[in-house]
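Q: Please take a close look at the aromatic rings in this chain. Walk me through what surrounds them.

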Amino acid sequence: MGELTLNLVRLGVIVLLWAFIFSVVGTLRGDLYGTRVMTRSAGPARRRESRGERKQRKHQPTHLVVTEGGLRGTSIPLHEGGLLVGRNPECSLVLTDDYASGRHLRIYPGADAWYADDLGSTNGTVVNGERIGTGARLDPGAQIRIGQTVLELRR
């Protein structure tokens, strides 16, 4: 083999090694810190609400309240960026329930209501007696059960 070919093979091996190292670091970073949820900013392009939209929004829930479990009585305001619920410290509501996953549930606003996604938890999430997956509509007063913890949407 020529000297040029040998140097190209060495360079290729080094590039592949670095690509492998960066992929491992990226995977570890995702496992440790989770994924980012990008939201739109409410900048100057925001339009004015009509009277009907304001009236509809007035009847929407504004807080998530823990009604059963170790954190009973805890209340968290709902905001446009949504909420993460789970055992990880990065979550908006950090549960102490042994049946909750690290990143268990995501609650986010839709056009007409709040919605919930189970984030692939081991024990699942139950809303008003039914196990959910993604895109479950949450009406005011909805009961969300995660293990032994019960959450409720309130105005």
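A: Trp18 counts as partly exposed, because its relative accessibility of 48% falls between the 20% and 50% limits. This is a predicted model. Phe22 is exposed, with a relative accessible area of 59%. Both residues sit in helix H1 (residues 3-33). They are four residues apart, about one turn of the helix. Their rings form a tilted aromatic pair. The centres are 5.9 Å apart, and the planes meet at 35°.

The count comes to two aromatic pairs. Tyr108 and Tyr115 also pair. Their ring centres lie 6.2 Å apart. Their planes are at 25°, so this pair is stacked. Tyr115 is buried, with a relative accessible area of 18%. Tyr108 has a charged neighbour: Arg106 lies over the face of its ring, 4.2 Å from the ring centre.

Now the strands. Strand S6 covers residues 114-118. Three bridges join S6 to S9, and the two run antiparallel. Trp114 stands opposite Leu138 in S9. Both strands belong to an open sheet of five strands, in the order S4-S3-S5-S6-S9. Its pairing is mixed. The edge strands are S4 (93-94) and S9 (136-138), each pairing on one side only.

Last, the whole chain. It has two helices and eleven strands. From the N terminus, the two helices come before the strands. Of its 155 residues, 29% count as buried. The chain exposes about 10,800 Å², with carbon and sulfur atoms supplying 55% of that area.

Notes
Residues numbered from 1 in each chain as written. Predicted model: local features only at pLDDT ≥ 70, side-chain atom pairs only at ≥ 80, totals over all residues. Heavy atoms only, no water. Pairing = 2+ DSSP bridges. Buried < 20%, exposed > 50% of the residue type's maximum accessible area, 1.4 Å probe, protein only. Areas by Shrake-Rupley, 256 points an atom, 1.4 Å probe, with all protein chains shown as cover. Phe/Tyr/Trp six-rings, centres within 6.5 Å; stacked < 30°, edge-to-face > 60°. Lys NZ or Arg CZ within 6 Å of the ring centre and 35° of its normal.
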